Amino acid sequence: MKKRLLALLLALAMMFALAACADTEDQGESQSPSASTPGDDNDGETKTVKVGLICIGDENDQGYTYNFIRGKEAVTEKLAAEGINVEWSVKWNIGEDSSCEDANIELAEEGCDLIINNSFGFEPFMLKVAADYPEIEFIACTNQASWTDDLPNTHNAFANIYEGRYLAGVVAGMKLQEMIDNGEITADQAVIGYVGAFSFAEVISGFTAYYLGAKSVCPSVTMKVQFVGSWSDATLESNAAQALCDAGCVMISQHSDNTTPATVAQSNGAFHTGYNNDMISIAPDASLIGTRIDWSVYFEYAIKAVANDEEFDQDWCHGMDEGAVVMTDLNEDIAAEGTAEKLAEVEEQIRTGALQVFDTSTFTVDGAELTTCFALDTDGDFVADSEEAVFDGAFHESYFQSAPYFTVEIDGIEWLNSAFG
């Protein structure tokens, strides 16, 4: 009897041992490199996210839309290495009209998990569609209404591009001061011409930051702004740049989508700083530097959240602190001596917060320092939970919402016209 019991116990022990070995082998197989994807912390399988992108232009504009495509390509490559496959469906040359609503519907019906609208005027049409597709996340870039509506699947995103514009202004100001010091122009001839799309807060914020950057190194500088009433019209931008050159401007900059202000500056013997793209190749004797938003930073954040079925901010904004705002290459062949060193110094000050772009001690409004100003949106309405934007000695742009709300007309900048969409 004892022998039979001992034999039975040995048999059971062997069975348990075999089962344990089998479990160990199964676990080892599931954890092996061949069965998992780098960067995937969840189920070890490659994830696919289908993303729709609605563009006001196309990649050939070499400006605004081209910059979005750079972000798209960069994030696709980066996420692929982390086990997230991004499938894109892009709608090109969509108007800020009902065609945008149609484009959002089409992408939703295609099965997109996330739909990105890249132009300011797209948001109203996007919001008409988002309520009907609660399972899809909708993003309006450079906008402000999505995060304050009652739809949890709508989002706003922008970046502190005014930081980059301030730096571009520093580069422009150093060139102007060099021209003054060399006797090429007089101090009162240090005039910047700025081609602006609309007299919206986004544009006003940008050209004011640019002017303040220039003024920080060239105290006599003044600026004239010509609005064209369009985000992307190469001919209107060219005509505006020419008019500014004819008015005596020796430096041209822009908040518009095309390269024509750069080529016009070069043809008139003026200098230029750009937006969205490095324009040195098309205006090597004029273009000093540019600034742009690196959209791959936000795209990565939003797409990862969707891939992992996580919530993400309804209002997102970062700048040089996270690499969301970058400078294009400096044209050292024509930049003022010492520009690269000064650029690095000021960029570090902005990144660390040591320098506030809208420091109220550096500008006046009707001869007086700005001491109070509520945060306003582009229509002049208070933002949600409107707050006093001036505190600690500076106007705090994009602090209460991602979309800019600086609309103050400061001394030293002449508006030649006004243009609202």
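**Exercise 1. Determine how the side chains of Glu-82 and Lys-78 meet, and decide whether each of the two residues is buried or partly exposed.**

Step 1. In this predicted model, the side chains of Glu-82 and Lys-78 form a salt bridge, with a distance of 2.9 Å from N to O.

Step 2. Buried residues are those under 20% relative accessible area. Glu-82, with a relative accessible area of 17%, is therefore buried, whereas Lys-78, with a relative accessible area of 39%, is partly exposed.

Step 3. The pair also belongs to a network of salt bridges, in which Lys-78, Glu-82, Glu-300 and Lys-304 are linked. A search of the whole structure finds 11 salt bridges.

**Exercise 2. Establish which parts of the chain are joined by the salt bridge of Lys-91 with Glu-110 and by that of Lys-224 with Glu-414.**

Step 1. The side chains of Lys-91 and Glu-110 meet in a salt bridge at 3.9 Å, N to O. Because Lys-91 lies in strand β2 (residues 84-91) and Glu-110 in the loop between α3 (98-109) and β3 (114-117), this pair ties together parts that are 19 residues apart in sequence.

Step 2. As for accessibility, Lys-91 is buried, with a relative accessible area of 17%, while Glu-110 counts as partly exposed at 35% relative accessibility.

Step 3. Between the side chains of Lys-224 and Glu-414 there is a salt bridge of 2.9 Å, N to O. This pair links distant parts of the chain, since Lys-224 is in strand β7 (residues 222-227) and Glu-414 in strand β15 (residues 413-415), 190 residues apart. Glu-414 counts as partly exposed, at 39% relative accessibility.

**Exercise 3. Describe how helix α5 packs with helix α10, giving the angle, the direction of crossing and the residues of the contact.**

Step 1. Helix α5 (residues 161-181) and helix α10 (residues 339-352) pack at an angle of about 155°, and their axes are 10 Å apart. Angles over 145 degrees count as roughly antiparallel, and α5 and α10 are therefore roughly antiparallel to each other.

Step 2. The crossing in which α5 passes α10 is right-handed. On the α5 side, the contact is made by Glu-163, Tyr-166, Leu-167, Val-170, Val-171 and Met-174, and on the α10 side by Thr-339, Lys-342, Leu-343, Val-346, Glu-347 and Ile-350.

Step 3. Sorted by character, the residues of the contact of α5 with α10 comprise eight nonpolar, one polar and three charged.

**Exercise 4. Locate Leu-288 and list what Leu-288 touches.**

Step 1. Leu-288 is found in strand β10 (residues 287-293), and Leu-288 is buried, with a relative accessible area of 0%.

Step 2. Not counting residues up to four places away in sequence, Leu-288 touches a set of residues that includes Val-171, Ala-172, Lys-175, Met-251, Phe-271, Asp-329 and Ile-334. The C-alpha atoms of Leu-288 and Ile-334 are separated by 6.9 Å, although these residues are 46 residues apart along the chain.

**Exercise 5. Find the places of Thr-142 and Asp-392, and decide whether each is buried or exposed.**

Step 1. Thr-142 has a positive phi of about 65° although it is not a glycine. Thr-142 sits in the loop between β4 (137-141) and β5 (154-159), and at 4% relative accessibility Thr-142 counts as buried.

Step 2. Asp-392, likewise not a glycine, has a positive phi of about 55°. Asp-392 is found in the loop between β13 (390-391) and β14 (394-395), and Asp-392 is exposed, with a relative accessible area of 72%.

Technical notes. Residues numbered from 1 in each chain as written. Predicted model: local features only at pLDDT ≥ 70, side-chain atom pairs only at ≥ 80, totals over all residues. Heavy atoms only, no water. Axes fitted to C-alpha atoms, helices over the stretch in contact; angles between N-to-C directions. Helix = DSSP H or I, 4+ residues; strand = E, 2+ residues; numbered from the N terminus. Parallel < 35°, antiparallel > 145°, perpendicular 65-115°, else oblique. Left-handed = near helix turned anticlockwise from the far one by under 90°. Contact = heavy atoms within 4.5 Å. Nonpolar A, V, L, I, M, F, W, Y, C, P; charged D, E, K, R; others polar. Salt bridge = Lys/Arg side-chain N within 4 Å of Asp/Glu carboxyl O. Buried < 20%, exposed > 50% of the residue type's maximum accessible area, 1.4 Å probe, protein only.
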